[in-house]
Amino acid sequence: MTQASASPANVPQLDYLTSCALPTPWAQFTLHAFVEHATGKEHLAMVLGDVSNGEPVLARVHSECLTGDVLFSQRCDCGAQLEGALKKIAAEGRGVLLYLRQEGRGIGLVNKMRAYRLQEAGADTVEANLQLGFHADARNYELVQPMLRQFGISELKLMTNNPRKIDALTRLGFNVSERVPLLVNRNSFNNNYLNTKEAKLGHMMRPAETVAEDGEL
Ligand SMILES: [Zn+2]
């Protein structure tokens, strides 16, 4: 198991709470709940199969997007990524999806709506966040460490288009042995948004790119 590089003092403290069966259209997952001490936020993990046997685990670290995940918004690709990731895990019969409650790349639902209004006035998704006084991407992945450790997971086949997420998990001590692209639901409403994520946030929006064995890009 890879040694974590972050010191314990820097790791947000979570409590593991409970679990239950969660049948979905694609597989019956086990849903696990955690609570973050500092914020009281309840974070979730959906687990399928035996993920603690040391083999690399197909994984998605998904940040909450209420508008995309629940309200069918076509402004982003979050809902389609969530569904696509669960389908891939179901097809493999083994994997984990972490559902982190950091809405709107970490700025919250209402501020995300304010950013959408700025985008309607011509800003792109990065400019809008900066105009509101936020970072372009305020997400924090340190919670992933205690959550995946709970299940004995240290090596990931990570479903993401975001190189910053791969970097963050590698710094937390996880071995990202493979990147699995999630290229879904590009449409007329989110085309500019996805292009901005590629141009300004470095997202990998083409299918052929992969990461090397050591997780370096
Ligand atoms: Zn979204």
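So, Arg139: buried or exposed? In this predicted model, Arg139 comes out as partly exposed, because it has 18 other C-beta atoms within 10 Å, and you'd need 20 or more to call a residue buried. If you want to find Arg139 on the screen, go to the loop between H4 and H5. Setting aside residues up to four places away in sequence, Arg139 touches Ser63, Gln102, Arg105 and Gly106.

Okay, why look there? UniProt, in an unreviewed entry, puts the feature "active site" at Asp137 and Arg139. Asp137 sits in the loop between helix H4 (125-131) and H5. Asp137 is partly exposed, since 19 other C-beta atoms lie within 10 Å and buried starts at 20. And what does Asp137 contact, leaving aside neighbours within four places in sequence? That would be Arg105, Arg164 and Leu201. Arg105 turns up in the list for Asp137 and in the list for Arg139.

Now let's go inside. The largest nonpolar core has 37 residues, and the ones touching the most other members are Ala59, Val96, Leu98, Val144, Met147 and Leu169. Several elements give two or more residues to this core, among them strand S4 (57-63), strand S5 (95-100), helix H5 (144-150) and helix H6 (163-171). Which element gives the most? It's H2, with five residues.

Let me zoom in on Val96. Not counting residues up to four places away in sequence, Val96 touches Ala45, Met46, Val47, Val51, Val57, Ala59, Phe151 and Ile153. You'll recognise Ala59 from the core list a moment ago.

Methods
Residues numbered from 1 in each chain as written. Predicted model: local features only at pLDDT ≥ 70, side-chain atom pairs only at ≥ 80, totals over all residues. Core = buried A, V, L, I, M, F, W, Y, C linked by C-beta atoms within 7 Å. Buried ≥ 20, exposed ≤ 12 C-beta atoms within 10 Å, placed from the backbone. Helix = DSSP H or I, 4+ residues; strand = E, 2+ residues; numbered from the N terminus. Contact = placed C-beta atoms within 7 Å. UniProt positions renumbered as here; feature names shortened; annotations may be inferred.
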